Amino acid sequence: MVLVMGWGEKREVLGATPDRTCGRCHNTGPWVIYKSRKRLKVMFIPVAKWGEYFAAQCSICPNEVELSALDAHRLARGDITLDQVSPP
């Protein structure tokens, strides 16, 4: 009998911000808003999920800002800007 197991991180894109200048790479462009969580699969079926977090990431480099769940959804809808986000 063969047992196939796997683990990793899954990212779900929630939206994008308006153009913003990155403090790390100094490029201007939209930032991607995403939800990430770690998961364990057995025989290609997810059996456990943990470590959920939300972030906005520069579309050019790996610079990112961690967000609360509420701020991530409000940012994706366009209700607030990335400058108005409070630290999680």
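Trainee: What makes Val 2, Leu 3, Val 4, Met 5, Met 43 and Phe 44 a nonpolar patch on the surface?

Mentor: The model is predicted, and the patch is read from its atoms. Each residue in a patch needs over 30% relative accessible area and no salt bridge, and nonpolar side chains are joined within 5 Å. Val 2, Leu 3, Val 4, Met 5, Met 43 and Phe 44 form such a patch, with about 650 Å² of accessible area together. Met 5 also belongs to strand 1, residues 5-16, and Met 43 sits in the turn of a hairpin.

Trainee: Which strands does that hairpin connect?

Mentor: Strand 4 and strand 5, with two residues between them. Met 43 in this turn has a positive phi of about 55 degrees.

Trainee: How do you know that strand 4 and strand 5 pair?

Mentor: Two strands pair if there are at least two bridges between them. Strand 4 and strand 5 have eleven, in the antiparallel sense, so the criterion is met. One of the bridges puts Lys 41 opposite Pro 46 of strand 5.

Trainee: How many bridges join strand 1 to strand 4, and how many join strand 5 to strand 6?

Mentor: Strand 1 and strand 4 are joined by eleven and run antiparallel. Among these, Ala 16 has Val 32 as its partner in strand 4. Strand 5 (residues 45-58) and strand 6 (residues 64-67) are joined by four, also antiparallel. Against a minimum of two, both counts qualify as pairing. In strand 6, Leu 67 is the bridge partner of Phe 54, and Glu 66 is that of Ala 55. A hairpin of five residues joins strand 5 to strand 6.

Trainee: Why do strand 1 and strand 6 stand at the edges of the sheet?

Mentor: The sheet is open and has four strands in the order 1-4-5-6, with antiparallel pairing. Strand 1 and strand 6 each have a single partner strand, so one side of each has no neighbour in the sheet. From one strand to the next, the twist averages 35 degrees.

Trainee: How many aromatic pairs does the rule give?

Mentor: One. It consists of Tyr 34 and Tyr 53.

Trainee: Why is the pair of Tyr 34 and Tyr 53 called edge-to-face?

Mentor: Two tests apply. Ring centres must lie within 6.5 Å, and these are 6.3 Å apart. Planes over 60 degrees apart count as edge-to-face, and here the angle is 70 degrees. Both values satisfy the rule, so the label is edge-to-face. Tyr 34 lies in strand 4 (residues 31-42) and Tyr 53 in strand 5, so the pair ties together parts that are 19 residues apart in sequence.

Trainee: Is Tyr 34 buried or exposed, and which class does Tyr 53 fall into?

Mentor: Buried means under 20% relative accessible area. Tyr 34 has 2%, so Tyr 34 is buried. Tyr 53 has 24%, which falls between the limits of 20% and 50%, so Tyr 53 is partly exposed.

Trainee: Why do Lys 38 and Glu 9 count as a salt bridge?

Mentor: The limit is 4 Å between a side-chain nitrogen and a carboxyl oxygen. The closest N and O atoms of Lys 38 and Glu 9 are 3.9 Å apart, so the pair passes. It links Lys 38 in strand 4 to Glu 9 in strand 1, 29 residues apart. Both are partly exposed: Lys 38 at 36% and Glu 9 at 41%. By this rule the count is eight salt bridges.

Trainee: What makes Glu 52 and Lys 35 another salt bridge?

Mentor: Their closest N and O atoms are also 3.9 Å apart, within the 4 Å limit. Glu 52 is in strand 5 and Lys 35 in strand 4, 17 residues apart. Glu 52 is partly exposed at 47%, while Lys 35 at 17% counts as buried. Both residues belong to a network of salt bridges with Glu 12 and Arg 37.

Trainee: How do you know that Asp 71 and Arg 74 are separated by about one helical turn?

Mentor: They are three residues apart in helix 1, residues 69-77. Their salt bridge has an N to O distance of 3.7 Å. Asp 71 is buried at 6%, and Arg 74 is partly exposed at 29%.

How values were computed
Residues numbered from 1 in each chain as written. Predicted model: local features only at pLDDT ≥ 70, side-chain atom pairs only at ≥ 80, totals over all residues. Heavy atoms only, no water. Patch = residues over 30% accessible without salt bridge, like charges linked within 9 Å, V, L, I, M, F, W, Y side chains within 5 Å. Areas by Shrake-Rupley, 256 points an atom, 1.4 Å probe, with all protein chains shown as cover. Axes fitted to C-alpha atoms, helices over the stretch in contact; angles between N-to-C directions. Phe/Tyr/Trp six-rings, centres within 6.5 Å; stacked < 30°, edge-to-face > 60°. Buried < 20%, exposed > 50% of the residue type's maximum accessible area, 1.4 Å probe, protein only.
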